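Colleague: I am new to this structure and would love a close look at a single part. Could you walk me through one residue and its surroundings?

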Amino acid sequence: MNRALALRRLVLPAVLAFGFGSLAPAQQSVPATPDAPPQTNLPTDAALNPKLPTVFIVGDSTARNGANLGWGDHVGPLFDTSRINVANRAVAGRSSRTYINEGRWIKVLSEMKPGDFLLLQMGHNDGGDLGGAKPRGTLKGIGDETKDVPQTTGPLAGQVETVHTYGWYMRKMIDEAKAKSVQPMILTLTIRNIWKDGHVERDMGYTTFIRQIADQEHIPVIDMATLEADRLEALGQEKTALLFPIDHTHTSPEGAEKNAQSVADALRASHVSLVGYLKP
């Protein structure tokens, strides 16, 4: 009896730990967005020809990253630049919130004129922290919810910042572009090199928001993500890994070039007027 009791005392805790513990809801692990590589050898912004319309790219490191690593630097040659300026104003590490808070959006807005275009792609960094050492996150959703957050770093250090939703910041940029008679378009997010059961991740949690914002604002969705995901799955997981030598988010120059082609193909599929400026 004593031996049986001792055995029971050893086994019961294991059953409780593994058996009952498995009854708890499984928590899905969401991969963190890695920091962008050091931003070196960035191209100097060329002067814009005031006689031509301009397509402005506003995004994060997936669109502009170091030397030659963002799709925004590869999409320019796909346009007929004798007829349109291509201005890549994406900044690595920025969310919709920090792009505005740091004064970057107002600077781009000052460059815009009637007849220009805006390609807006944000979200990779919007899932970050609301405060702390790297305050760049936004509230999930597209509504008017807010949260007051004391800030210790960044342009609002020492202040209590009212943080808004992802949709609020995106609509602000879209509405202000519209007010200058600029044609805004919103892009789905570049695909990350994350796979499960032979399929690449197609949505890191923002696609529904993007489509809802587009519906609210009556603007086109440029769904480059679906085209990129289809291409990567056709390529396969092992060969896809070669296009992501840094981490699961940032591509090689070849990967950035392929993403730029996905943007151009998605523009064509959307039948927007900007397509008229693409090379055949």
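Modeller: Happy to help; here is a close look at Thr-54, followed by two loop residues for contrast. Please keep in mind that this is a predicted model, in which local features need pLDDT of at least 70 and side-chain atom pairs count only at pLDDT 80 or more, while totals for chains, interfaces and linings use all residues. Residues are numbered from 1 along each chain as its sequence is written, and side-chain values use heavy atoms, with hydrogens and water left out.

Thr-54 is found in strand β1, residues 54-58 (strands are DSSP runs of E with at least two residues, helices runs of H or I with at least four, numbered from the N terminus). With a relative accessible area of 1%, Thr-54 is buried (buried means under 20%, exposed over 50%, partly exposed in between, using a 1.4 Å probe and protein chains only). Leaving aside residues up to four places away in sequence, Thr-54 touches Leu-48, Ile-84, Asn-85, Ala-87, Lys-113, Asp-116 and Phe-117 (contact means heavy atoms within 4.5 Å). The side chain of Thr-54 also makes a polar contact with the side chain of Asn-85, at 2.9 Å (a pair of N or O atoms within 3.5 Å; within protein, one must be able to donate a hydrogen and the other to accept it, and residues adjacent in sequence count only if both atoms are side-chain atoms).

Now for the loops. Asp-197 lies between β7 (195-196) and β8 (199-200), and is exposed at 69% relative accessible area. Asp-197 has a positive phi of about 55° although it is not a glycine. His-218 sits in the loop between α6 (207-217) and β9 (221-222); its relative accessible area is 72%, so it counts as exposed. For His-218, too, phi is positive, about 55°, although this residue is not a glycine.
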